[in-house]
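Let's take a walk through a protein structure together. Have the 3D view open and get ready to rotate it as we go.

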Amino acid sequence: MSGAINHDGRFGAYGGQYVPETLIPALDELTKEYDAAICDPSFVAALTAELETYVGRPSSLSDAPRFSKHVGAHVLLKREDLNHTGAHKINNAIAQALLAIRMGKRRIIAETGAGQHGVATATACARFELECVVYMGEEDMRRQELNVFRMRLMGATVIPVRSGTRTLKDATSEAIRDWVGTCDESHYIIGSVVGPAPYPRMVRDFQAIIGREARAQVLERVGRLPRTVVACVGGGSNAMGTFHAFVGDAEVELIGVEAAGKGLEASEHSASLQRGAPGVLHGSLSYLLQDAHGQVHPAHSISAGLDYPGVGPEHSWLRDTGRATYVSCTDAEALDAFGLLGRLEGIIPALETAHAVAWIDASRGRWASDDVVLLCVSGRGDKDVAQVAQSHTISV
Amino acid sequence: MLSERFAALRASNRRALVCYVTAGHPDPGASLALVQGLADAGADVIELGVPFSDPVADGPVIQQSSQLALDAGMTLDRALELGARAKPDVPLVLFSYLNPLLAAGSDVLTRAHDAGIAGLLVTDLPVGSDPDRERWIGESPLSFVRLVAPTTPTERMASIASHGGGFVYLISRLGVTGARSELPPDLPATIHRLRSVCELPICVGFGVSSPEQARAVGALADGVVVGSALVTAAGRSVDDALGFVRALRAEMDRA
């Protein structure tokens, strides 16, 4: 399961535990407890039961006949948008909440960008009677008002973060600061494959159910593996979860779509793997948008969930080894694709997912008509409808 | 230079007053004047903070001082320049997050030494986290000052002490930097645990904000680090900051 990982929890040179000393014992404990939990049949059974009876797994694999015709390939959609709470984030939040209970920690900290991870964590905490504190950038609270309301409805405390760019990066910093002060009683549920070890590996493992299910479903449906697997990449958890089962299938091409924001040539984008350089942020070494002095460069994306200057360390490793390819789409292209999938398939994707849809749309002609293209629909777009309507790019 | 300073302090039975300032805060000119004035005001060691855009170990005061300094164009190399120009009579320890150091290139530690920097403290490079980069610093001419937290198990404290140089920086409590009104009740026990496995001088920081607290900590450890409270005073004026340091010194030295 972890062939890519070195003995010290790194992916090649990437990853690590670049954190204040205070957190090292908490990370050691988490590593030990996580490794024990995934080998413990009672933990696995409890998690499986939650995923099947509460989250709604396995998620469907949908044919997309009109979109397929439009693209000129056989596109299949892995429907993480159909999960309870509307995105893949719940897979990880439920699993880490169960782990927190196992560790005797009843207070949960989370960061959130688009609000999907915050909602998923608030949901898990309500279900398991855990205290929930979610850090969210003030700018994102404005962009994702609906999700703020959902979190509060479920009893979570949402704390506005006013430092820096007031987005996911600063929410993550603030969540880490909380954890440095409360690590004896709190568990920090990181929402993506980022952060210090063991988080990138652990979150990937909890999301790897996406790719495991999808691989089996595709084989059952069409009798062969996909030619191309596509997912959007911010921190990179839905992509890593989707890719993981296919990494060993050399013939399957893995495509991660980053947010090009206002364009890669402008400085306002979130394409850390294409325009960044290796650096240390939030506990791990990975590609990072930064200036010549090592100061983190603010990211930009219309999608709050992709608006992050770093990326999970395993993606950096997959990039350098050439096993995965990273491309990008702009805000404008994602907005077009947001409407496209709705019109052709009756599925309104999250703006994050819309980036992956946009890349497939822009790549028409690169596949034979019977090539299978697997797209992870990481979340649904209900949360984005108001923002998209305001942008006036599509009429509603 | 750090070890000589601590030996001299020990010989005179005094405790070290370690003063943290953010390079470039509140503005480059005032920052230079502050670093130049600290030794006379009573500082034994000066920690020169390199501002970073995402300081996860710092509370609001140092976050804001860092942002102000960055907005005014402070960089690691300009901080070294500031240190070289100030040339204080006491050792300078560079206090940085890892990323600005990595971006500054592999010869940055030699440049720092040439600028008169005696030691280096890296907030987010705990012992054992990155042997290659730890060796890079450990084999440089700078003393590699390591941090110990109250959560650190005693056997890990021993390992940290054996990997460190200059002094050991003991974080007094869970949490980020910032002034607190009380010292943590378990501080004497934590210092005792560390002392049992550590031969280096022990300086205690995080939350020490008044002359009385500095005196109380000085009774337990070899030195006291004052950061956020000093940065707050520096935000008012250099005179306020130096007056605060004199008050700390007077209370620590009171018989």
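We'll look at where the two chains meet, and then at how chain A is put together. Keep in mind that this is a predicted model.

Start where chain B meets chain A. On the chain B side, 36 residues are in contact with 32 residues of chain A. Putting the two chains together buries about 2500 Å², and 56% of that is on carbon and sulfur atoms. Which three residues of chain B supply more of its buried area than any other three? They are Asp54(B), Val56(B) and Asn99(B), which give 22% of the area that chain B buries against chain A.

Now let's see what links the chains. There are 3 salt bridges between chain B and chain A. Try finding the one that joins Glu21(A) to Arg156(B): the closest N and O atoms there sit 2.8 Å apart. You can also look for polar contacts, since 15 residue pairs make them between these chains, counting pairs with both residues at pLDDT 80 or more. As for the parts of chain B that touch chain A, helix 3 (60–71), helix 5 (98–103), strand 5 (143–148) and helix 8 (154–163) each bring at least two residues. Helix 5 of chain B has the largest share, with 5 residues. Sort the touching residues of chain B by class and you get 21 nonpolar, 9 polar and 6 charged.

Next, zoom in on chain A. The domain assignment splits chain A into domain 1 (11–51 + 89–203) and domain 2 (56–86 + 208–391), so each domain is listed as two stretches of the chain. The C-alpha centres of these domains of chain A lie 22 Å apart.

How many residues of domain 1 of chain A are in contact with domain 2 of chain A? The count is 40, and they meet 44 residues of domain 2. Between them, the two domains of chain A bury about 3100 Å², with carbon and sulfur atoms giving 60%. In domain 1, the residues losing the most area to domain 2 are Tyr14(A), Arg143(A) and Lys169(A), together 22% of what that side buries.

Arg143(A) is worth a second look: its side chain meets that of Asp307(A) in a salt bridge, at 2.9 Å from N to O. The count of salt bridges between the two domains of chain A is 1. Polar contacts add 18 residue pairs across this interface, both residues being at pLDDT 80 or more.

Methods: Residues numbered from 1 in each chain as written. Chains lettered and ligands numbered in written order. Predicted model: local features only at pLDDT ≥ 70, side-chain atom pairs only at ≥ 80, totals over all residues. Heavy atoms only, no water. Contact = heavy atoms within 4.5 Å. Buried area = accessible area lost by both parts, 1.4 Å probe. Salt bridge = Lys/Arg side-chain N within 4 Å of Asp/Glu carboxyl O. Polar contact = N/O pair within 3.5 Å; in protein donor to acceptor, adjacent residues only side chain to side chain. Helix = DSSP H or I, 4+ residues; strand = E, 2+ residues; numbered from the N terminus. Nonpolar A, V, L, I, M, F, W, Y, C, P; charged D, E, K, R; others polar.
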